[in-house]
Protein chains: 4
Amino acid sequence: MQLLTDQILTHVIQPRPANSYKGTFGRVLLVGGNQNFGGAIIMATMAAVHAGAGLVTTATDAVNLGSLHAQVPEAMFVNYHDKVQLSNLTSEADTIVIGPGLGDDFRSQEVLATVFANTQPDQTVVIDGSAITMMAHQKITQPAGHLIYTPHQMEWQRLSGIEIADQTTTNNLAVQQQLKATVVLKKHHTEIYEPTGQIYQLPLGTPAQATGGMGDTLAGIIGGFTAQFSDHQAAVLAAVYAHSAIAEELAETRYVVLPHQITEALPAFMQRYANQ
Amino acid sequence: MQLLTDQILTHVIQPRPANSYKGTFGRVLLVGGNQNFGGAIIMATMAAVHAGAGLVTTATDAVNLGSLHAQVPEAMFVNYHDKVQLSNLTSEADTIVIGPGLGDDFRSQEVLATVFANTQPDQTVVIDGSAITMMAHQKITQPAGHLIYTPHQMEWQRLSGIEIADQTTTNNLAVQQQLKATVVLKKHHTEIYEPTGQIYQLPLGTPAQATGGMGDTLAGIIGGFTAQFSDHQAAVLAAVYAHSAIAEELAETRYVVLPHQITEALPAFMQRYANQ
Amino acid sequence: MQLLTDQILTHVIQPRPANSYKGTFGRVLLVGGNQNFGGAIIMATMAAVHAGAGLVTTATDAVNLGSLHAQVPEAMFVNYHDKVQLSNLTSEADTIVIGPGLGDDFRSQEVLATVFANTQPDQTVVIDGSAITMMAHQKITQPAGHLIYTPHQMEWQRLSGIEIADQTTTNNLAVQQQLKATVVLKKHHTEIYEPTGQIYQLPLGTPAQATGGMGDTLAGIIGGFTAQFSDHQAAVLAAVYAHSAIAEELAETRYVVLPHQITEALPAFMQRYANQ
Amino acid sequence: MQLLTDQILTHVIQPRPANSYKGTFGRVLLVGGNQNFGGAIIMATMAAVHAGAGLVTTATDAVNLGSLHAQVPEAMFVNYHDKVQLSNLTSEADTIVIGPGLGDDFRSQEVLATVFANTQPDQTVVIDGSAITMMAHQKITQPAGHLIYTPHQMEWQRLSGIEIADQTTTNNLAVQQQLKATVVLKKHHTEIYEPTGQIYQLPLGTPAQATGGMGDTLAGIIGGFTAQFSDHQAAVLAAVYAHSAIAEELAETRYVVLPHQITEALPAFMQRYANQ
């Protein structure tokens, strides 16, 4: 297990090529936000936009359209109950983030099924929150794509079958290798399991981050980073590192750090490392 | 009667344990906001989130969903006319705040009845605004839980039967002891009556605070503090103190202090005391 | 004709009494905002809240509810097509501001009629924008109350029958005296005609203010000032002065000053004069 | 081909005349924003308002009304499916911006047809995004007015028939001269083709700008500038220059520059050049 350092940021966040356009930095589709949890997909979307994704579309329940654009007009919208639009957007994206605020009722399952039926082998698919829970509970087959799971410990228990007390690196690695996916196991010191078998640990994190929406924001940053940075595995590591490094900086003067504050600090934080 | 000092902040606001997660800091359910007074429950929600509650859900009329997430995507939403969801969320919360903008018509009464039928003995229940008025006018029995009433003087008159001119500490204490509840009597120098019979007085407060929404914001801070700090009685005192101490600081350069400004200043204010 | 100076601010904006509460600073009802011009009543509401009114309610079309609370949760809402609620709120207010974004179709006329039928002799009634135009075109009788008209030159022409080229102080005064109302004639150097016959002129103003929504914001500030300051005539003068004085300050570093920027600067601006 | 310098800003952005009012600085009508792309027209509207247009109206789908006013209450609204209102507003505007987020389905085509049927020879008409695509695909005749096309390279290919690889200044000029319109060809170093045959190139631009919504924001700034500055051709050049000059400044400390950040920086940026 290797400790992450800020060298992952310097490695990943390079000055952008002068002759680039929004298409250069990828299309991200974020899927989630039912009528109860719309804020989650909004926070994930804000994070993906501030992370520098080229084009961001949010597939969510129609009740969330107004607040989405009140928070982040930069994102495009699709009603995730429109199967044709959702299918098309899924197959055209570079990175798909599914799960923030998606819920787990039968309509959420339909959305998940539509997305999973349309992902492509060359896409990055970030599977978060209730999408993980639904996969575990409904025994849903993994979709095509380079998969990145972002469970917290209870979600990982559901997906892997490993009780939290037994979630050793050895046990986790065994299941993760069967999944052939990247696993970002969110915990006190988050661990990242890569398809190669390499395990990384995040030595950062502050209890000021322990508030609702932090995971949604991380999922959005991972979406934004994997869409624009060509080394996808390193991009995941950089996203995890940046998320907590910013939180630590903000926590110096705040008892609690809210997700949107991390998001707003992201472009300036990234620029510091791009210039190194 | 004992004067509060900022020692209550130093006592209550401790550095968070390193190995904590959002569940560590409690679940708050805020209930209120009819079609006329939606801003009240939004302000209370913003306050609870910035105060550091782990997970915050707002039960309100569906017309307020869009503006809730435009202001505070960190909160989850439930339509408070959905009795099943409201019942479930009530019984699962650590702290319930009911009243901001709830109104007092028959639909508001239904919401109140659903919540009161589902609170649990070990929960903290903050009863504010029109929830107090409905209890007084409809002679509604107190719900289960550790109750905290946050009336202004007229609401206290309705609940206690004591005319404002007769609201001496002796008279107030007599009724409050029958209620077996904490009473935060909001007035020029707010008084807090504890179940033990101890009375505290707030020596702070500025007329710049005399504007709509201040009480809603205080209710939200009390909700956030009691959800995360284990000494609930001290948490109420700290919430009352912090609310006015921030207002006094902001009033040095503002003729009127708006509720959302107190809320935004809260995380940095708390951190100053956590470091002492 | 007397030139206004910032002494009007020092005179009007006094330190608030320590023992005050939100009722001390008045109830303002703002009426306007049809489906096309909702932003106008939102801007007026923001201004009234930041000006320090104790309690602010906005009567507008239901389509504007979400954006109202996204901008200013401190305000309460009523659907202005609900005649019972609108009648009740009108008769209970201290100051009524009618006109910003109201429009002039038959539904707007109904709203105007409901408000005008319910104002009280001791209330302040600020009549702005399309409310003035409807009065002129429909030959509507003046309502009860201390009336303050805030026309620009074309609206004054409609109401007074005086062509813009003929709007001399003598001509204006003659009509204004018949109206027995205060007239704030908005122009390059705004003129204020008082019921006593006294005329004031504003020596301030910047072309950076020449943008949509400025008048709505002024109407809101007048609403907030007359609701809380006991000398209503002086309060109108102070509102007019403060509005342009802030604009001039902001225009030093901005080519255009947006209405919401004036509003946000208002509490700090007022505090500077309260301390003198 | 002539390189633009900041002298275009000093030339165009002059101190405003003291005796001016909002009508002095023009009426802008922005048309776009279907149910999927509402953020685009919101961003264009924010840009036009901050650029200093006197009166701004946004014609968009009704689902976007709430978020429009949550972002920019200064703008007026019209449902773009209301043909009578859209026709009237089109014929009364000084500048029309059509295209941001308009989409290209049959309802979008109806909106385009209504606007194009009502533009006037003395108006400025900025044609952006999907409006260009629809013109090309449906072979729609150019409307009346001083036309400004703002295509990116693919949209220019559709409109002009010139493949991207063949978009030399000579080839571009030949088609643009037939159009008798200004063409702002958005690319790494944006080129502006004027009706006179003069070609300008923008030596600015940063890859931090390569994110969704940048073009919508530019269209809004062009709308605001042409509405208020009498030399329309120079106004277009100044808008293009300002947009990227601000982005470059912001990019010094940000890895990605979001469109709304450029918009918010615009009034202060303009003032620096007005004072020169």
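Copies of a chain are superposed by least squares on the C-alpha atoms of residues with pLDDT of at least 70 in both. The model shown in these views is predicted.

**View 1. The axis that relates chain A to chain D.** A turn of 90 degrees, with a shift of 0.0 Å along the axis, lays chain A on chain D. The RMSD of this superposition is 0.0 Å. The relation is that of a four-fold axis. A:Ala70 has the C-alpha of chain A nearest the axis, at 4.0 Å. The two copies use different surfaces. Of the contact residues of chain A, 6% recur in chain D.

**View 2. The interface between chain A and chain D.** Here 36 residues of chain A meet 28 residues of chain D. The area buried between the two chains is about 2,400 Å². Carbon and sulfur atoms give 58% of that area. Three residues stand out on the chain A side: A:Arg16, A:Pro73 and A:Glu74. Together they supply 25% of the area that chain A buries against chain D, more than any other three residues.

**View 3. Polar pairs and secondary structure at the A–D interface.** Between chain A and chain D there are 12 residue pairs in polar contact, with both residues at pLDDT 80 or more. The count of salt bridges between these chains is zero. Several elements of chain A each supply at least two residues of the side that touches chain D. They are helix 2 (38-50), helix 3 (65-71), strand 4 (76-79) and helix 11 (259-274).

**View 4. Positions annotated as a binding site in chain A.** An unreviewed UniProt entry places the feature "binding site" at A:Ala40, A:Gly101, A:His152 and A:Asp216. The next two views take A:His152 and A:Asp216 in turn.

**View 5. A:His152 in its loop.** A:His152 sits in the loop between strand 7 (146-150) and helix 7 (153-160) of chain A. Its relative accessible area is 29%, so A:His152 is partly exposed. Leaving aside neighbours within four places in sequence, A:His152 is in contact with A:Leu185 and A:Lys186.

**View 6. A:Asp216 and its contacts.** A:Asp216 belongs to helix 9 (residues 214-228) of chain A. Is A:Asp216 buried or exposed? A:Asp216 is buried, because its relative accessible area is 14% and buried means under 20%. Not counting residues up to four places away in sequence, A:Asp216 touches A:Ala40, A:Met43, A:Ala44, A:Pro100, A:Gly101 and A:Asp128. Among these contacts, A:Ala40 and A:Gly101 also carry the "binding site" feature in the UniProt entry.

Technical notes: Residues are numbered from 1 along each chain as its sequence is written. Chains are lettered from A and ligands numbered from 1 in the order in which they are written. This is a predicted model: local features need pLDDT of at least 70, side-chain atom pairs count only at pLDDT 80 or more; totals for chains, interfaces and linings use all residues. Side-chain values use heavy atoms; hydrogens and water are left out. UniProt positions are given in the numbering used here, feature names are shortened, and annotations may be inferred rather than shown by experiment. Helices (H or I, at least four residues) and strands (E, at least two) are DSSP runs, numbered from the N terminus. Buried means under 20% relative accessible area, exposed over 50%, partly exposed in between (1.4 Å probe, protein chains only). Contact means heavy atoms within 4.5 Å. Buried area is the accessible area (1.4 Å probe) that two parts lose on being put together, summed over both. A salt bridge is a side-chain nitrogen of Lys or Arg within 4 Å of a carboxyl oxygen of Asp or Glu. A polar contact is a pair of N or O atoms within 3.5 Å; within protein, one must be able to donate a hydrogen and the other to accept it, and residues adjacent in sequence count only if both atoms are side-chain atoms.
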